[in-house]
Amino acid sequence: MNHTQTQIIQRRPNTGDAVILVMGVTGVGKSTFISQLTGEEAGIGHDLTSYTKGVGIYSMALNNRQVYLVDTPGFNDTWRSDLEILKEIAFILSQIYRHGMKLAGILYLHRISDNRVSGSAMKNFTLLEKICGPKAAARVFLVTTMRDLVATRKLDHREAAMREMRLGSTMEFWGRLCQQGSRTRRWQGDYSTAVSIISELIALNDRDGYVVQQIQREIVDEEKALAETIAGQELLTKYKTNEGKYRAELRSLERGGSDDPDTKNSLSELRNEIYGMQSAQRALQVSIQNLFAEREEAYGQVLSKLGAEQRQLAGQLEEGQHKYRRLEADMQGNESLIEEERRDWQLRRANLDREEQIGRRKRQSIDAERRRIEEEELEFDEQFNELQFDNEEERVEAAKIVENLRKREVMKRNLMPFLGVLGGVGLAVAGAVTGLAPLTGAGIGVGFGYAAKLQFSRKPKTDDKDQPSMWDTLLWGGQGAAGASID
């Protein structure tokens, strides 16, 4: 099958494929970490956030297997509620478990530059514990970021080491997770240490087996509602506590009996907060059936939209292939024409030599003809080199465009199996590869370029200085070189 053709068939992702959840508060470097591994932002989540609740999904090839990276918003996110985020994480983890996909584990990223642990980070630590549970804590890697500050001495290495030690030894931070088997790792901000962390986590599962996360077991095996899971109970307790606090404040203000505008505004705000906490508690009671139906429909729309984008990219690549083959033939034709022109000059010189030997033409006429041939050659070399330079510039630019298109098309195609699982349809694009296909060899390569077929004029030269030369036509119009790019 041509790599640009698509066909929907029913199949599961390959048995060696794995999923890794990437967690952490906003600004810790999750997106940068993932882009280092994938090479670019070619996942979903940037233009499809209305469907995915801000979750980004990416794919990378690792040792002949496909690894899916799921970038989740941190709890206490500016735009999404903790409940929305927990629902999304619970759905993704449960759905892949139901369909037999392997969760390699969770990477939790934390800035080593933070001199104190914020309330948002504390909430994320707590919910992370509740999601994975003590039995799966060994599949959680606690990764410190912003290590470049240590390398550039903006952060003392002893202070960084002390912060890391406090995180791992304090029970309210990472202490319990570390006691249960979680590992701390350092990301230096580069590809090498990022892929090393991913590889170690995958190898750990290959050696010791894959472990079911607590929330997966609760929802799928024990058929609990989200509110009945330990993570759900944590949120429910928070909502009830906040509701009680707001009610106490409301009663205190109401007893004051003040009618000033500020008090009225405060009363209104508190009633809204109480209503919000009550609404969150009701929403947390959503049945698993309703949750899965809602999210499967959403991811089905993502799958459909991504499929359309992938087919469009595949079409552009097919067009690029056609252009590439045509241009390759043109360039071969150019070489033939150039050789023909050089043979013509050699023949003309040989004829002049014979005419000089037999005395058929005057020496002055022969010398003038030789000078004309030499001038033609000089003009040819100068303008041909100029044309080749322009073509090479276009070749480099076009190669970048084509390489980017090919990579985006392959990466989107690689996401199809995982999205088929999340969409509940089990559909994937036929021929989805396990890694980025080479950008040379099969189809369009990095040598993609453009050089229009050269058209050499065979007309005898005239003394008309206003008549454009053959190179004027080539360089500035007519049947000359034209730009080649794929929009």
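Is Asn64 buried or exposed? In this predicted model, Asn64 has a relative accessibility of 75% and so counts as exposed, the cut-off being over 50%. The residue sits in the loop that links β3 to β4. Its backbone is a bit unusual to look at too: phi is near 65 degrees, a positive value, and Asn64 is not a glycine. Glu223 tells a similar story elsewhere in the chain. Here phi is positive at about 55 degrees, again without the residue being a glycine, and the spot is the loop between α9 (214-221) and α10 (230-256). With a relative accessibility of 67%, Glu223 counts as exposed.

Stepping back to the whole chain, there are 14 helices and eight strands. Of the 487 residues, 45% are buried. Contacts are mostly long-range in sequence: taking those between residues at least 6 apart, 78% join residues at least 24 apart.

Six of the strands form an open sheet with mixed pairing, laid out in the order β3-β4-β2-β5-β6-β7. At its edges are β3 (56-62) and β7 (183-186), each of which pairs on one side only. Ignoring direction, neighbouring strands in the sheet are turned by 25 degrees against each other on average.

Strand β2 (residues 18-23) deserves a walk-through. On one side, β2 runs parallel to β4 (residues 65-71), and five bridges hold the pair together. Within that pairing, Ala18 stands opposite Val67 of β4, while Ile20 has Leu69 as its bridge partner. The pairing of β2 with β5 is parallel as well, this time over six bridges. Ala18 turns up here again, with Lys102 as its bridge partner in β5. As for burial, six of the six residues of β2 are buried, so the strand is largely enclosed by the rest of the structure. Neither face is left open: Ala18, Ile20 and Val22 are buried on one side, and Val19, Leu21 and Met23 are buried on the other.

Helices pack on this sheet. Helix α1 (residues 30-38) touches β2, β3, β4 and β5 (102-111), and its direction makes about 160 degrees with that of β4. Helix α8 (residues 191-208) lies across β2, β3, β4, β5, β6 (140-145) and β7, running at about 145 degrees to β5.

The two helices also meet one another. The axes of α1 and α8 come within 9 Å and cross at roughly 90 degrees. That angle falls in the 65 to 115 range, which means α1 is roughly perpendicular to α8. On the α1 side the contact involves Phe33, Gln36 and Leu37, and these meet Tyr191, Ala194, Val195, Ile197 and Ile198 of α8. Sorted by class, the contact has seven nonpolar residues, one polar residue and no charged ones.

Some of these residues come back in the nonpolar core. The largest core has 91 residues, among which Phe33, Leu107, Ile131, Ile198 and Phe418 touch the most other members. Helix α3 (residues 82-98) supplies the largest share of this core, nine residues. Leu107 gives a handy view of how things fit together. Setting aside neighbours within four places in sequence, Leu107 is in contact with Ile20, Leu21, Val22 and Met23, with Phe33, with Phe141 and Val143, and with Ile197, Ile198 and Leu201. There is also a second, separate core of seven residues, including Ile338, Trp345, Leu352 and Ile366.

Helix α7 (residues 171-179) rounds off the picture. Its buried residues are Phe173, Trp174, Gly175 and Leu177. They pack against the strands β5, β6 and β7 and against the helices α4 (119-132) and α6 (157-169). After α7 comes Gly181, where phi is positive again, near 120 degrees.

Terms used
Residues numbered from 1 in each chain as written. Predicted model: local features only at pLDDT ≥ 70, side-chain atom pairs only at ≥ 80, totals over all residues. Heavy atoms only, no water. Pairing = 2+ DSSP bridges. Helix = DSSP H or I, 4+ residues; strand = E, 2+ residues; numbered from the N terminus. Axes fitted to C-alpha atoms, helices over the stretch in contact; angles between N-to-C directions. Contact = heavy atoms within 4.5 Å. Core = buried A, V, L, I, M, F, W, Y, C linked by side-chain atoms within 4.5 Å. Buried < 20%, exposed > 50% of the residue type's maximum accessible area, 1.4 Å probe, protein only. Parallel < 35°, antiparallel > 145°, perpendicular 65-115°, else oblique. Nonpolar A, V, L, I, M, F, W, Y, C, P; charged D, E, K, R; others polar.
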